[in-house]
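Please open the model in a viewer and keep the selection panel at hand. The tour below proceeds from one selection to the next and states what is found at each stop.

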Amino acid sequence: MTGRSTGFRTVPDAERRGKGPVVVIECFEEIPCDPCHEACNQGAILAFDDINSLPEIDFAKCNGCGRCISVCPGLAIFVVDETWKEGLAVVRIPYEFIPLPHKGQQVKGVSRDGVELCDATVVKVENTKRHDRTPVIWVEIPRALAMDVRHIRVGGTSFDRQET
Amino acid sequence: MSSLLTSEICVVGAGPAGLKAAISARDMGAHVTLVDSEVNLGGQLVKQTHKFFGSRGQFAGMRGIDIAKLLADEVSRDPSVDVMCESQVVGFYEDGTLAIEKDDSIQFLKPERVICAAGASERMLSFPNNDLPGVYGAGAAQTLMNVYGVKPGNRVLMIGAGNIGLIVSYQLLQAGVEVAAVLEAMPHVGGYDVHARKIQRAGIPILTSHTIKEAHGTRSVEDATVWALDSEFHPVIDSERYFEVDTICLAVGLTPLTELLWQAGCRMVYVPELGGYAPLRCENYETTHPGVFVAGDLAGIEEASSAMIEGVVAGLSAARSLGYETDGFEERLRLAKNELEALRQGPTGQKVRQGIRRLMALREVGEGI
């Protein structure tokens, strides 16, 4: 249903992921959009010749800084770090729901299809002015799921939490 | 009878297209009267809490609500733009006079040029009990929650997986409203893939080739029956499913809000790709009625980013036609047209490109009513 994926140009291979934090851009449809290129000060997200083109990444230049994450209007940019700890990876996820989780909180790691895959520990919450109300949540998850966890579920619905 | 007001350029509608048109005409030196029926300037931007696509020129990456503030501030502090809020243009006479209703009285304004940027209205869908309270246009539900802070309901069935259906579903989730499912009659999602992914991650099913059969409820919506559609869009027998919901949101498309153009006698043509009847217009967005320009969804349904650039083209051209001339006018106009072209280049712009080609071909052969 959303299978217009061409795959590889925006997703780093296992070798690159084994070297440290790196961006993953899950943008597989040509739409008129280019803020990710503007956000990257490493020159890793290449300039667009046509604003409708898919982003192209020079993974050798990407240092996994994550500046591009909250800039993407499609919330399609993540940073994965498979070198975080033995057996554990960190995925940085844009998250625009309340309540925001806090550092140390246990949440669920969720797949692209909304399925809970694993327990996840929040190790950092970035929410400065630069993030412009798109906070970035760092979650620690089993390393084997680094390319599967793309969302988190923070216990209960946001509305339940607000009410209580 | 009140006296006849005058103005150089009247811009009708202060959404993204109208605001940009007013600013661009003002930049050329023209005096502009900007009229809008709402309390706040910004049109639909005032409820668009999501970040915009496009490029820097159209504020890509900024949220619609912040773009509205930025553009509204710019016109509000400019003495050469008169802003009339809570004022509805209800008549457009053949001699070019506009009737404007404000505070239950009518004022008459005869501008030298008019830029119509009235936007679009949401389409309705026919199904039994679609008049029950709880059936909303998706845009109305979005206004309730994002402008007035009111939850439209507790559990929603969204009809339509175009960008509006997908974005409003996401914003309902942000407001703490449950979304039972998003239905789409077409066999594929119409909106951007990234918008679909945002709600799929949140676990919301998108049922393609499905539509609503019937809503049920005594005093308001209590549940809904949906069914599958085959490749000919006929309902599939025995495919019914039930959803317990108190709200049904319709996001089944927009149609240009062209009443004023009909009144003015602009020639109109039916172009399905542009959302229905659209005005014939030239490359500078002037209609067949000399001095009447158009911009934004009223000229053909598209994105806010292209609406803003159409506003630039119409604003510059209207001011130019009054004799205003600034250095770099030609260059600004050329850049704006190039930007429009670029935005429409990709696969998502195909429908609009086709619609505009059809519009221009019909103009060529003198079609239109």
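Is B:Glu302 buried or exposed? The model is a predicted one, and in it B:Glu302 is buried, because 25 other C-beta atoms lie within 10 Å and the threshold for a buried residue is 20 or more.

**First stop: B:Glu302**

Select B:Glu302 and display the segments on either side. The residue belongs to the loop that runs between strand 19 (292-294) and helix 7 (304-321) of chain B. Next, add B:Asp297, B:Ala307 and B:Val352 to the selection: these are the contacts of B:Glu302 once its neighbours within four places in sequence are left aside. Then select B:Lys351. Its C-alpha lies 9.6 Å from that of B:Glu302, although 49 residues separate the two in sequence.

**Second stop: chain B as a whole**

Now colour chain B by secondary structure; 9 helices and 19 strands should appear. The radius of gyration of chain B is 21 Å, close to the 21 Å that the globule rule gives for 369 residues, so the chain is as compact as a globular protein of that length. Rotated onto its principal axes, the C-alpha trace of chain B spans about 65 × 45 × 40 Å. Of the 369 residues in chain B, 51% are buried. Among contacts in chain B between residues at least 6 apart in sequence, those that join residues at least 24 apart account for 65%.

**Third stop: the two domains of chain B**

Colour 4-121 together with 254-364 as domain 1 of chain B, and 124-250 as domain 2. The C-alpha centres of these two domains of chain B are 30 Å apart. How many residues of domain 1 of chain B are in contact with domain 2 of chain B? There are 4, and they meet 6 residues of domain 2 of chain B. The side of domain 1 of chain B that touches domain 2 of chain B consists of 1 nonpolar, 2 polar and 1 charged residue.

**Fourth stop: a sheet and a hairpin in chain B**

Select strands 12, 13 and 14 of chain B, which form an open antiparallel sheet in the order 12-13-14. Strand 12 (210-216) and strand 14 (241-243) of chain B stand at the edges with a single partner strand each, so one side of each has no neighbour in the sheet. From one strand to the next, the twist averages 30 degrees. Strand 13 (residues 223-228) of chain B is joined to strand 14 of chain B by 3 bridges in the antiparallel sense. To see one position across this pairing, display B:Thr225, which stands opposite B:Tyr242 in strand 14 of chain B.

Move next to strand 17 (residues 268-271) and strand 18 (residues 276-279) of chain B, an antiparallel pair joined by 4 bridges. B:Val271 is set opposite B:Gly276 in strand 18 of chain B. Strands 17 and 18 of chain B form a hairpin with 4 residues between them, and B:Gly275 in the turn has a positive phi of about 100 degrees.

**Fifth stop: helix 5 of chain B**

Select helix 5 (residues 193-201) of chain B, in which 9 of 9 residues are buried. Among them are the charged side chains to display next: B:Asp193, B:Arg197, B:Lys198 and B:Arg201. What covers helix 5 of chain B? The cover of its buried residues includes helix 4 (163-174), strand 10 (178-184) and strand 11 (206-208) of chain B, and also strand 4 (106-110) and strand 7 (151-153) of chain A. After helix 5 of chain B comes B:Gly203, with a positive phi near 85 degrees.

**Sixth stop: the sheet of chain A**

Follow strands 4 and 7 into chain A, where 7 strands form an open antiparallel sheet in the order 1-2-3-6-5-4-7. Strand 1 (22-25) and strand 7 of chain A are at the edges, each with a single partner strand, so one side of each is left without a neighbour in the sheet. Here the twist averages 40 degrees from one strand to the next. Strand 4 of chain A pairs with strand 5 (residues 116-126) of chain A over 5 bridges, in the antiparallel sense. Display A:Val107 and its bridge partner in strand 5 of chain A, A:Ala120.

**Last stop: the contact between the chains**

Finally, show both sides of the contact: 34 residues come from chain A and 33 residues from chain B. On the chain A side, helix 2 (35-39) and helix 3 (158-163) each supply at least two residues. Helix 3 of chain A gives the most, with 3 residues. By class, the side of chain A that touches chain B has 15 nonpolar, 8 polar and 11 charged residues.

How values were computed: Residues are numbered from 1 along each chain as its sequence is written. Chains are lettered from A and ligands numbered from 1 in the order in which they are written. This is a predicted model: local features need pLDDT of at least 70, side-chain atom pairs count only at pLDDT 80 or more; totals for chains, interfaces and linings use all residues. Two residues are in contact if their C-beta atoms, placed from the backbone, lie within 7 Å. Domain bounds come from an automatic or database domain assignment. Two strands pair if DSSP finds at least two bridges between them. Axes are lines fitted to C-alpha atoms, for helices over the stretch in contact, and angles run from 0 to 180 degrees between N-to-C directions. The radius of gyration is taken over C-alpha atoms; the globule rule is 2.2 Å times the number of residues to the power 0.38. A residue is buried if 20 or more other C-beta atoms lie within 10 Å of its own, exposed if 12 or fewer, and partly exposed in between; C-beta atoms are placed from the backbone.
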